[in-house]
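Visitor: I have a model on screen and little time. Walk me through how to read it.

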Amino acid sequence: TTMEGSAAHREQPAADSVFVRACRGLPVPYTPVWFMRQAGRSLPEYRKVRAGIAMLEACRRPDLVAEITLQPVRRHGVDAAILFSDIVVPVAAAGIDLDIEPGTGPVVAEPVRTEADLARLRPLTPPDVSYVDEAVRLLAGELGGTPLIGFAGAPFTLASYLVEGGPSRTHAKTKAMMYGQPELWHALCARLAGITLEFLRVQVAAGVSAVQLFDSWAGTLSEADYRRFVLPHSAHVLGGLSGAGVPRIHFGVGTAQLLTAMGEAGADVVGVDWRTPLDAAAALVDGPSGRGPHGSGRPVQGNLDPCVLFAPWPVVEREVRRVLAEGRAAPGHVFNLGHGVLPETDPEVLTRVVALVHEASAR
Ligand code: CP3
């Protein structure tokens, strides 16, 4: 059950892996690929080890976290592992009573809507998430040359769950606080930014090779509101990791109008959903110098529509090749889906996509 014999283990260290090099815009022998939600219900071996164990409990058991994280690496040969956890793990560890309900997502017992509510959300200290430290150390040892991606939720997306009390289509209560009580909004996001930064620092110290900041639901905002109410808090998180020595990926869904701003928030790699072609996305993201107009750009990650995986193979192949071609417009490309693997996905198609990406991009 270890990665001892794998090719990755004998190859270069994770910090100089094909995935990390692509994140830095360095030359690579082929385009690296991993999938958001690669560990999860699409895999029978996942359903088997999760049977009878609640999601949050599974996240707190380092042996189980390590096993689930390794499953898609063994099965698909992806170029990176992503830590099995959830964006609400650190807020639960910081004092918020919540659960992750199957088929629904995070549900918060008492939503955070007032200044008194905010007091229930404590700053996070490393001992609160010692099980994450332990899981990452275990995994860094087992994975050898395969990089491990750490992650956290960005302040807006976390705030949305806390304020709504659960998943929301309109984010109405979240926006009501943002527009109606801007001081409370900024206090909540500042608290969440501190928790997220601490959570990512724990993962970096324990040995992750990259981090991804998920602002999954930021696409519900206009660029002006994003810049005013969200960007400073996400920039605090990403800026706090600028000396950490690991690439930072910044991802959201439906963010075509936000790609320039999300790049400015401090990402090394901008994640893109399937709605925006990668060449168009690359043109929207400025270089790290911040000097426009859209000079050398930054590496991008994405962006095959997860639903394409339900199509006949020739269609999948055509779409994978299109994404690879469009990705060449950026100084680096990490192949991924435009959002997470859907539970109904045939895992054999994912394995074939990994092989195709490697073969079709080989240089
Ligand atoms: O493989 C990976 O990508 C790592 C694991 C991972 C999970 N959650 C495991 C999980 C990651 C990166 C996340 C992040 C996450 N969680 C996000 C950001 C990414 C995104 O999808 O935009 C968000 C918004 C959440 C909140 C959340 N947690 C949702 C929306 C759900 C799905 C609800 C459902 O059951 O459909 C969860 C639960 C969850 N997180 C599952 C997994 C594998 C499914 C629960 C289960 O298997 O019982």
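Guide: Start with the sheet, and bear in mind that this is a predicted model. The open sheet is built from 7 strands, in the order β1-β4-β5-β6-β7-β8-β9, with parallel pairing.

Visitor: Which strands are at the edge?

Guide: The edge strands are β1 (81-82) and β9 (333-337), each of which pairs on one side only.

Visitor: How many bridges join β5 and β6?

Guide: Strand β5 (residues 210-214) pairs with strand β6 (residues 248-251) over 4 bridges, in the parallel sense. To find your place, look for F214, which stands opposite F251 in β6.

Visitor: What does helix α11 touch on the sheet?

Guide: Helix α11 (residues 182-206) touches β4 (148-153) and β5 as it packs on the sheet. The direction of α11 makes about 170° with that of β4. Helix α16 also packs on the sheet, touching β8 (300-304) and β9. Its direction makes about 155° with that of β8.

Visitor: How do I read two packed helices?

Guide: Two packed helices are described by the angle between their axes and the distance between those axes. Here, α16 (residues 313-327) and α17 (residues 347-361) pack at about 45°, with axes 10 Å apart. The two helices are therefore oblique to each other. The crossing of α16 and α17 is right-handed.

Visitor: Which residues meet there?

Guide: From α16, they include V316, V320 and L324; from α17, they include V353, L356 and V357. The contact of α16 with α17 divides into 8 nonpolar, 1 polar and 2 charged residues.

Visitor: Which residues come nearest to the ligand?

Guide: Of the 23 residues around the ligand, A39, G40, G105, F214 and S216 come nearest. By class, the shell has 11 nonpolar, 8 polar and 4 charged residues.

Definitions and conventions
Residues are numbered from 1 along each chain as its sequence is written. This is a predicted model: local features need pLDDT of at least 70, side-chain atom pairs count only at pLDDT 80 or more; totals for chains, interfaces and linings use all residues. A residue is near a molecule or strand if its C-beta atom, placed from the backbone, lies within 6 Å of it. Ala, Val, Leu, Ile, Met, Phe, Trp, Tyr, Cys and Pro count as nonpolar, Asp, Glu, Lys and Arg as charged, and the others, Gly among them, as polar. Axes are lines fitted to C-alpha atoms, for helices over the stretch in contact, and angles run from 0 to 180 degrees between N-to-C directions. Angles under 35 degrees count as roughly parallel, over 145 as roughly antiparallel, 65 to 115 as roughly perpendicular and the rest as oblique. A crossing is left-handed if the near helix is turned anticlockwise from the far one by less than a right angle, and right-handed if clockwise. Two residues are in contact if their C-beta atoms, placed from the backbone, lie within 7 Å. Two strands pair if DSSP finds at least two bridges between them.
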